[in-house]
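Here's a quick walk through one model, meant to be read with the viewer open. Pull up the coordinates and follow along.

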Amino acid sequence: MMYMGQRMPRDYMPQLRSTSGRTAVDFSPDQPALLLSKPRPELGEHAVQCLACANKCELQAGEWGTCRTRYNKNGFLRSLNYGRVDAAQRNPIEKKPFYHVLPNTDNLSLGGSGCNAHCEWCHNSDSTQIEDMNCAVRSMRDCRPADLVRLCLAEGLPSISYTFNEPTINVEFYCETMKLAKEHGLMNLWVSNGFLSPEVVTTIAPVLDGINIDLKTFREETYSQFCGLHLSAIKRTIKDFHKRGVWVELTTLLIPGLNDSEEELTEMAQWVASVSPEMPYHISAFRPANRLLTAPRTSPQDLHRAYRIAKAAGLKYVYLGNLHPSTLQGTEDTCCPSCGVKLISRETYAVEVHWKQAGVCPQCGTAIPGVWGPAAKGSAAGGRVRSSLVVGSAERA
């Protein structure tokens with residue numbers, strides 16, 4: 001197996017300004033006067049409603065939202081995350097995972113603190129499920145959109161991923177960064193639980209190139225009990241971004257005994273296929289984490305069973321992950337759905353691209369949907385940082 005040195009993760013946090021000595025209510029002075037919210041005088045003199053996610057928290061003065069990062073300060077919504085990050089790393093894009101976006105490139109991966117969900121199995125719970133907000137601030141770094149874009153350009157990275165925690169709770173700061181990134185030819189990618197408000201979808205869609213949404217389960221009661229979210233809102237977000245032309249990939253963490261019944265997997269895959277059979281669908285193996293420590297790890301057999309169910313539902317691009325490549329049996333690869341030729345080979349982060357024209361099968365000419373520029377390492381294709389988006393058999397700039 002080949003691992004490129006330049007594809008190993010790298011931490012950029014030491015390059016950013018420390019927040020040492022700050023407290024949770026020492027908000028960044030750069031925040032706009034009004035975050036994504038609306039006044040609710042009928043609920044109280046200084047009451048506001050946050051619109052950053054589908055929770056739409058109604059907050060009295062001095063109250064924090066469900067995410068524990070958005071705060072009503074005398075009738076004005078403030079954000080603990082604005083102008084700050086809790087993580088800034090160089091990561092392979094396949095780690096997000098994105099398999100149909102800029103293959104074999106690295107990106108700048110950013111994250112903050114807090115989350116609008118409380119998933120029992122969260123692997124980033126140290127930063128997402130915070131109790132001591134003052135401690136959370138002390139671990140963060142100050143930055144401005146220009147700092148992040150400058151860092152991305154200096155490192156030769158073609159994209160920024162807003163990831164690690166739920167990006168929608170820091171939508172204002174990220175949206176400013178995304179606008180500046182687009183001006184400099186960079187691509188913007190979100191990794192999200194999909195529990196977004198329609199207002200956020202409308203706000204970010206014009207500057208968002210792609211999003212990977214966790215489709216955690218296809219049962220409303222499981223979403224509510226284990227995550228504090230609602231399936232209906234996630235389904236709405238997936239369909240809305242797809243209709244707006246934003247590239248969408250989906251990920252399901254397969255948890256034995258929780259979301260892995262044949263009936264549920266079939267219903268989930270059939271629904272995804274009804275939105276688009278060309279939507280990449282990642283199925284990842286579970287390992288015990290956070291508060292869900294009693295569930296067993298996902299076996300290779302169960303992972304491949306889920307793969308077969310998804311393919312039988314009509315999905316053209318199904319990928320398995322989070323197990324050793326020797327057990328995945330080629331299910332990380334992208335193959336032409338028409339003739340079966342292998343187009344992109346993957347073994348974790350070792351990637352080879354086998355086409356000459358990006359997004360086109362060299363054997364039968366089938367267009368492969370995705371966001372394929374710039375030229376991937378190992379590919380003869382040329383391209384700019386922002387190339388055309390190929391959807392089905394059509395191209396659009």
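Below we look at a small sheet, the nonpolar cores and one buried serine.

Keep in mind that this is a predicted model.

Let's start with the sheet. Three strands make up an open sheet in the order β3-β4-β5, and the pairing is antiparallel. β3 and β5 sit at the edges, each pairing on one side only. Between β4 and β5 there are 2 bridges, and Val48 stands opposite Leu59 of β5. Here are the strands with their residue ranges:

| Strand | Residues |
|---|---|
| β3 | 37–39 |
| β4 | 48–50 |
| β5 | 58–59 |

Now for the greasy parts. The largest nonpolar core holds 87 residues, and Trp121, Trp190 and Phe241 have the most contacts inside it. A second core, separate from that one, counts 12 residues, including Tyr317, Val351, Trp355 and Cys361.

Take Phe241 as a case: which residues does Phe241 touch, not counting those up to four places away in sequence? The list runs Leu196, Val201, Ile204, Ala205, Leu208, Ile211, Ile213, Val246 and Val248.

Last stop is Ser192, which belongs to strand β13 (residues 187–192). Is Ser192 buried or exposed? Ser192 counts as buried because its relative accessibility is 1%, and the cut-off for buried is under 20%. Its side chain makes a polar contact with the side chain of Glu166 at 3.0 Å. Leaving out residues up to four places away in sequence, Ser192 touches Glu166, Pro167, Ile211, Asn212, Ile213 and Asp214. Ile211 and Ile213 also turn up among the residues that Phe241 touches.

Technical notes. Residues are numbered from 1 along each chain as its sequence is written. This is a predicted model: local features need pLDDT of at least 70, side-chain atom pairs count only at pLDDT 80 or more; totals for chains, interfaces and linings use all residues. Side-chain values use heavy atoms; hydrogens and water are left out. Two strands pair if DSSP finds at least two bridges between them. Helices (H or I, at least four residues) and strands (E, at least two) are DSSP runs, numbered from the N terminus. A nonpolar core is a set of buried Ala, Val, Leu, Ile, Met, Phe, Trp, Tyr and Cys residues joined through side-chain atoms within 4.5 Å. Buried means under 20% relative accessible area, exposed over 50%, partly exposed in between (1.4 Å probe, protein chains only). Contact means heavy atoms within 4.5 Å. A polar contact is a pair of N or O atoms within 3.5 Å; within protein, one must be able to donate a hydrogen and the other to accept it, and residues adjacent in sequence count only if both atoms are side-chain atoms.
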